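Here is a short briefing on a ligand site and a helix pair. Look over the structure first, then use the points below as a guide.

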Amino acid sequence: MTDAAAGTPQDHVDAHNIQGDLVGFNKDNQCFVFLHFTDQASARAFLTSLEPNISSAWEVRKFNELYKQVRAKRGGSKGIIEASWTNIAFSFSGLQLLGAPQAELLPGEFRDGMAARAGELGDVDLSAPTTWRAPFDQPQQVHAMVILASDSADDLEKSYGRLKESVDAHQVTELLRENGTVRPEPHKGHEHFGFKDGISQPGVRGLTRSSKDGQDSIAAGEFLIGHPDQDGHVSGQPPAVVAPQPGDPGYEQTPPPPQPALPDWTRDGSFVVYRRLQQDVGAFNAFVAAKAAELGTQPERLGAKLMGRWPSGAPMEHVPGLPHGVDPQAADPSVEHPEVRSDSHVNSFTYQQADADGQNVPRAAHIRKANPRDEEPPGKPESNRHRILRRGIPYGTEFQQTEPGYDGQPVADGRDRGLLFVCYQSSIARGFAFLQQAWVNQPDFPQGGDGHDPIISQSVPERSFTLPGAEAHLAMHRWVFTTAGEYFFSPSLTALKVLAGS
Ligand code: N7H
């Protein structure tokens, strides 16, 4: 296993100054509380009261390491050591109200917000912002998102109670509370479609260790402002402009306007995408069952082809150490070989050498679209310029086998379930928005006719998916709908003091 936290002196990241969810709260219970501030003075007073409770990346990382050690020593996981965490992030309107210096220099997509960029994300018709849950149908209202996370539901309520006291004492309005919980056993760690999630995460050089073999250690500047990125360029700084010379292409043209540097206080901060994604489990299951019967295959195998992993999380690609006779795309290899789900195997695969044509993992499968790894195009260096840190959690009730699909109709709370998707990156344009627009929603990425991401692509009512081997092109409906979302900024702990005016 690699020690990615080590890095070189240039990779040093001050974990005490970074909010903790960037390294991953990993809690069974979380809530997202969306706030509206009345005026600058009361917003700053609220922030001053909250600031001592904000958990740093150092605390969360230390706790997570200790938790792992204690669990390995004692076995089992329940109740060994526990902690509750609090973080806060702001929308552009929230930063403006707080009087954040030079806020106008923040990137355009962040200033506009997710709803205003719905067209480029494919959030139209059933995913259009006009259909989003309040208050996200009026996005300027949402000034801040507080994230609370605890091991137990009781502890989460205690944290929420403390937050509520502070909210009420400072004339802050709570607009909405969204609750996320991991699914009950035996589905813990699995999303509502039944797949194990949270397996493949990049390590952040200078901050987190890679916990699994085959997991890339990515430059901190891909996730945090003010650090070298994968190309060695400091995130948030304008790219070096090389003046064109006579004879260079474009010499006669007017050069593009220089890109300003982000304000100093953004250093050690990160942009956060919050997206409430509703999952129509009935429709997904019905599609997989009907298509599998048509193609003469097992529903579980077809579902795994759409995802790129088996529901257990086992890879569909062959991984080192798996016996040669085993074909991981024919049946879940972890049934016979549970070790394939261990840290040394579960993420240890690439695509280009062994599976360029997608016979094992189709090129449009969710995990391959969202992270093509070494696949050409786009190639590993380019793939690694579009990595995100996923920190989401499921919401909603358990699906009952007798439930029908949503059929485009509004869904009552008892049947509303999905993912509170959260991800961190130093540039939303290059991170989440790029993935959604340029790869996931594009049927010709990575190659002509590969199809749409069957899980999260938006925009088109009829989507297609090319299944090599079966030589089938599957027409798919949509099973994931955007029902709310916003872009936020998670400032450093030092910047929180600046924003609080202290
Ligand atoms: Fe996805 N799911 O639970 O079914 N995702 N995702 N995702 N996703 C992944 O490898 C899922 C969403 C990525 O490095 C797994 O950790 C669902 C969005 C990326 O190999 C599973 C939803 C975006 C990866 C799911 C959803 C991404 C990934 C396999 C929405 C970004 C890592 C487990 C309802 C735009 C790929 C794992 C890699 C993996 C699910 C949303 C991105 C099971 C249900 C919006 C980068």
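A polar contact is a pair of N or O atoms within 3.5 Å. His366 meets that cut-off: one of its polar side-chain atoms lies 2.9 Å from a nitrogen atom of the ligand. The model is a predicted one.

**Iron**
- The iron atom of the ligand has a single donor from the protein.
- That donor is NE2 of His366, 2.1 Å away.
- His366 sits in helix α10.

**Other polar contacts to the ligand**
- Arg390 places a polar side-chain atom 2.7 Å from an oxygen atom of the ligand.
- Asn371 does likewise with a polar side-chain atom, 2.9 Å from an oxygen atom of the ligand.

**The shell around the ligand**
- The ligand has 24 residues around it.
- Those that come nearest are Glu191, Ile199, Ser200, His366 and Arg390.
- By class, the shell holds 13 nonpolar, five polar and six charged residues.
- At least two shell residues come from each of β7 (270–279), α10 (366–370) and β10 (417–425).
- Helix α10 gives the most, with three residues.

**A helix pair**
- Helix α7 spans residues 281–295, and helix α8 spans residues 299–307.
- The two pack at an angle of about 110 degrees, with their axes 8 Å apart.
- Angles of 65 to 115 degrees count as roughly perpendicular, so α7 is roughly perpendicular to α8.
- The crossing of α7 and α8 is right-handed.

Notes. Residues are numbered from 1 along each chain as its sequence is written. This is a predicted model: local features need pLDDT of at least 70, side-chain atom pairs count only at pLDDT 80 or more; totals for chains, interfaces and linings use all residues. Side-chain values use heavy atoms; hydrogens and water are left out. A residue is near a molecule or strand if one of its heavy atoms lies within 4 Å of it. A polar contact is a pair of N or O atoms within 3.5 Å; within protein, one must be able to donate a hydrogen and the other to accept it, and residues adjacent in sequence count only if both atoms are side-chain atoms. Helices (H or I, at least four residues) and strands (E, at least two) are DSSP runs, numbered from the N terminus. Ala, Val, Leu, Ile, Met, Phe, Trp, Tyr, Cys and Pro count as nonpolar, Asp, Glu, Lys and Arg as charged, and the others, Gly among them, as polar. Donors are N, O and S atoms within 2.8 Å of the metal (3.2 Å for Na, K and Ca); water is not among the atoms, so sites may look incomplete. Axes are lines fitted to C-alpha atoms, for helices over the stretch in contact, and angles run from 0 to 180 degrees between N-to-C directions. Angles under 35 degrees count as roughly parallel, over 145 as roughly antiparallel, 65 to 115 as roughly perpendicular and the rest as oblique. A crossing is left-handed if the near helix is turned anticlockwise from the far one by less than a right angle, and right-handed if clockwise.
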